[in-house]
Structures are given as C-alpha cells and as structure tokens.
Amino acid sequence: MSEQGPQARGTTVRAALEAALVAAPEAGLTARELSAAVGIPEKDVAEHLVHLQKSLQATGGRLEVLPAECVACGFVFRDRKRLTRPGACPECRATRIDPPAFRAER
C-alpha cells in the first residue's frame, strides 16, 4: 500500500491565489472557484484571503470584494468585513445567499 501525499506545488498557496485573482473575470471568483483553481479546501480560502489582502495593501495593490447578496430579497451585504458567505439575510432571514466574489489589482 502506498500513501499519496499532497501534489507538488510550484508556488505557494497565496501566490497561486493571487495569480488566480489577478486573472479573474470582471465578476470575480467565489471561494468555491478559488478552492478548485488552487487545490485547497473551500473553508481555508477565507483565511488565506485575509493574509493576501494585507500583502496586497503593503505592495500598493488591493483585494476587491464583490459583496454577497440575498437571493430572496436582494439585500446586499456591503458593510460586511468577513470574507465568508453569510448564514442568513438580516432583512428576510432567508438562507439562500449568493457568496461574495473576489478580484485582485496590483
């Protein structure tokens, strides 16, 4: 029986995330799409994005967050600081929320 370890990666996870975000379309990429592109679990994406946001700011770039939106009533989570998908809408309490999307500019 042979154990299979993680695949060899040519760059760091955050460098791969940054490259994906810089090449992102106008609509941005969700955490699920970034997870698939970089090969990390979706739940780990937000933590990496927080650090990437700080790195981009230090070098004059920025992480643009396209806010989450409630599917039921259209409420937009403009003032939300967390980079994860909200659990429920504060207006109508619906749980069908379109997740935030992200893009990076250098």
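The lining of the second largest pocket splits into six nonpolar, one polar and five charged residues. Bear in mind that this is a predicted model. The residues doing the lining are Val65, Pro67, Ala68, Phe77, Arg78, Asp79, Arg80, Lys81, Arg82, Leu83, Thr84 and Pro100.

Now for the largest pocket. It has 14 lining residues, and Ala31, Arg32, Glu42, Arg85 and Pro99 sit nearest its centre. Two elements, α2 (31-38) and α3 (42-58), each give two or more residues to that lining. The largest share is from α3, with five residues. Here are the two pockets side by side:

| Pocket | Volume | Nonpolar lining residues | Polar lining residues | Charged lining residues |
|---|---|---|---|---|
| Largest | about 270 Å³ | eight | two | four |
| Second largest | about 160 Å³ | six | one | five |

On to the sheet. It's an open one with three strands, running in the order β1-β5-β2 with antiparallel pairing. At the edges you'll find β1 (29-30) and β2 (62-66), each of which pairs on one side only. Between β2 and β5 (residues 101-105) there are five bridges, again in the antiparallel sense. If you want a spot to start looking, Leu66 has Ala101 of β5 as its bridge partner.

What packs on this sheet? That's helix α1 (residues 13-22), which touches β1, β2 and β5. The direction of α1 makes about 95° with that of β5.

Notes. Residues numbered from 1 in each chain as written. Predicted model: local features only at pLDDT ≥ 70, side-chain atom pairs only at ≥ 80, totals over all residues. Heavy atoms only, no water. 1 Å grid on protein atoms, 1.4 Å probe; cavity = no way out; pocket = protein on both sides within 12 Å on 5 of 7 lines; lining within 4 Å. Points joined across faces, edges and corners; volume = space filled by probe spheres on them. Helix = DSSP H or I, 4+ residues; strand = E, 2+ residues; numbered from the N terminus. Nonpolar A, V, L, I, M, F, W, Y, C, P; charged D, E, K, R; others polar. Pairing = 2+ DSSP bridges. Contact = heavy atoms within 4.5 Å. Axes fitted to C-alpha atoms, helices over the stretch in contact; angles between N-to-C directions.
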